[in-house]
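Please walk me through this structure in prose, with attention to its empty spaces, its helix packing and its backbone geometry.

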Amino acid sequence: MKCLVILLLCSLCINALAAESERPNFIMLLVDDLGRQDLGVYGSSLHETPHMDRLAADGMRFDNAYTAHPRCVPSRVATMSGRYPASYGVPGFQDRSEGPHALPLSAVTFAEVLAEAGYETGYIGKWHVGKDGGEPSQQGFATSIMAGKSGAPPSYFWPYEKRRSGAGGKGFETYSGGEEGEYLTDRLMDEALAFIEQKKDDPFLLVLAHYAVHTPIEAPEPMVEKYREIITERGIPEGGPRSDRDVVVDNTGQVKTVQNNPTYAAMVESVDENLGRLVARLEELELADSTAIILTSDHGGLSSRGLENMRELATTNLPYRHGKGWLYDGGIRVPLIVKWPGRVEPGQVSAVQVTGTDHYPTLLAMAGVGLRAAEHRDGRSYLPALQGESYTRDPMFWHSSLGRPASTGDTRSSAVISGDWKLIQWYSLEDATIVRTELYNLAEDPGEHQDLAVLETAKRAELEALLNDWKESVNARLGAFKGGGG
């Protein structure tokens, strides 16, 4: 009997060790302001992204991936917490009792759960959801590097806390390393590779949140010149600060229609080039087969501006409408590629709808860690999609409480997507009155050009009820318009 008990205990220990060894490492690459259409695999004919395209060929590309908000801070709150940002009053109404943090310290992040399960955790790059006292180290990430409160660096060239003109900075934290001529995207990958080297013997979670491709639009000159030559050879006008001949004007503002900004294209290529460095290093360390890579963005590309604004525009999100800041699909559709060797069949394309809250439960499910539904209550694991299943996600919701008509042209709005149907509510400039409701069939009209709100009255009423009930459940509020900002 005693021998039987010992054998049983040994068996349990062996099974536990086997389960531990089967847990994948996780690397989440969160690229700031990267539009879905900025990748070759999603349709860009200008930006060269061979490593991202290869990642898709080796894994799964999602064609209907969304972010939970079209701006940086609230979208990141959703990704980290598994909750819609409106649940925390973000942006504009967050509870200040825990400090000035968009992501409250009471929120249990996926990093905290995976750390409890034995993962080494690291966060490198743009954090932006907590100020002093609300850094990644307070939210489950044992290692935190260059992850302060700033939403963008004053410069992408060392020293990063100073503008290239020498006119000061924006509070970006001083980096003690670095050297003249160094580019921030390269530096972040250097730090990521060092983290992986240090943690390679244990399961690890690394979030590498690039500041690129957010403004300021800066890149190494040789790479910029390469794209200038390509644009010239194709006979299209160069975009960026030099020319805006492709920009069209309508009643919402100014909208970019062509990918022709050589500096922005170079920024995209730099991110891609560094992905290639990452994959090569994983192979050298014999970690490639045990590491899952998730590549995505926080919202659509910067493609629109207010009528009186002359800020440099980065890209176009066509055929999707508008971009960063907007609840049209150009603002909320994002790239999503997942490579998980041995578990995700290479070259797959999923039509399943995914939103930013869904990464949290998916990571837990991939790790074999029990879900925390009370924490990530708005997230739905897309592990079944990774396993090849096709299904319809339950409705997804958005609430953009602070419009920026002078900056990106957008105004306050709320939206719901249920299957193929999308409804958007637009609010008055003065109060919470809904002044316009639009309804689109995304399957037939992905560019959101044909408003069906008058024709499809039953569907409109159905989605209005869904959206209004959700707004009441999260106490969705509206703030005043904001002028500038990114």
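**Pockets, packing and backbone**

In the second largest pocket, the largest share of the lining comes from β15, which gives three residues. The model is a predicted one, and in it this pocket has a volume of about 290 Å³. Its lining is made up of 18 residues, and those that lie nearest the centre are Asn251, Thr252, Trp326, Thr411 and Arg436. Two elements, β14 (421–427) and β15 (434–441), give two or more residues to that lining, whose residues divide into eight nonpolar, seven polar and three charged.

Enclosed space is found as well. Rolling a probe the size of a water molecule over the atoms shows where empty space is left. The structure holds four cavities of 30 Å³ or more, and the largest cavity has a volume of about 70 Å³. Of the 13 residues lining the largest cavity, Leu30, Thr67, Thr79, Ser297 and Asp298 are the closest to its centre. The elements that give two or more residues to this lining are α3 (72–81) and β8 (291–297), with α3 giving the most, three residues. By character, the lining of the largest cavity divides into four nonpolar, seven polar and two charged residues.

Helix α3 deserves a closer look. Nine of its ten residues are buried, namely Cys72, Pro74, Ser75, Arg76, Val77, Ala78, Thr79, Met80 and Ser81. These buried residues of α3 pack against β1 (25–31), α4 (110–116), β3 (120–125), β5 (204–210) and α9 (359–367). Just after α3, Gly82 takes a positive phi of about 75 degrees.

The next subject is a pair of helices. Two packed helices are described by the angle between their axes and the distance between the axes. For α2 (residues 50–58) and α7 (residues 262–284), the axes come within 7 Å and cross at roughly 55 degrees, which means that α2 is oblique to α7. On the α2 side the contact is formed by Pro50, His51, Met52 and Leu55, which meet Val268, Val271, Asp272, Glu273, Leu275 and Gly276 in α7. The residues of this contact divide into six nonpolar, two polar and two charged.

Val271 of α7 also appears among the contacts of Thr185, a residue that lies in helix α5 (residues 184–199). Because its relative accessible area is 1%, Thr185 is buried. Leaving aside its neighbours within four places in sequence, Thr185 is in contact with Tyr156, His210, Ala212, Ser270, Val271 and Asn274. The C-alpha atoms of Thr185 and Pro222, 37 residues apart along the chain, are separated by 16 Å.

Some backbone details remain. Most residues other than glycine have a negative phi, and most peptide bonds are trans. A cis peptide bond joins Thr215 and Pro216, with omega about 5 degrees, and Pro216 lies in the loop between β5 and α6 (221–234). The peptide bond from Leu318 to Pro319 is also cis, with omega near 15 degrees, and Pro319 belongs to the loop between β9 (304–305) and α8 (329–332).

Where, then, are residues other than glycine found with a positive phi? One is Asp33, whose phi is near 65 degrees and whose place is in the loop between β1 and α2; since its relative accessibility is 2%, Asp33 counts as buried. Another is Asn475, with phi near 55 degrees, in the segment after α11 (457–473), and with a relative accessible area of 48% Asn475 is partly exposed.

Key. Residues are numbered from 1 along each chain as its sequence is written. This is a predicted model: local features need pLDDT of at least 70, side-chain atom pairs count only at pLDDT 80 or more; totals for chains, interfaces and linings use all residues. Side-chain values use heavy atoms; hydrogens and water are left out. On a 1 Å grid over the protein atoms alone, a cavity is a set of points where a 1.4 Å probe fits but cannot get out, and a pocket is an open set with protein on both sides within 12 Å along at least five of seven lines; lining residues have an atom within 4 Å of a point. Grid points are joined across faces, edges and corners, and a volume is the space filled by probe spheres set on the points. Helices (H or I, at least four residues) and strands (E, at least two) are DSSP runs, numbered from the N terminus. Ala, Val, Leu, Ile, Met, Phe, Trp, Tyr, Cys and Pro count as nonpolar, Asp, Glu, Lys and Arg as charged, and the others, Gly among them, as polar. Axes are lines fitted to C-alpha atoms, for helices over the stretch in contact, and angles run from 0 to 180 degrees between N-to-C directions. Angles under 35 degrees count as roughly parallel, over 145 as roughly antiparallel, 65 to 115 as roughly perpendicular and the rest as oblique. Contact means heavy atoms within 4.5 Å. Buried means under 20% relative accessible area, exposed over 50%, partly exposed in between (1.4 Å probe, protein chains only).
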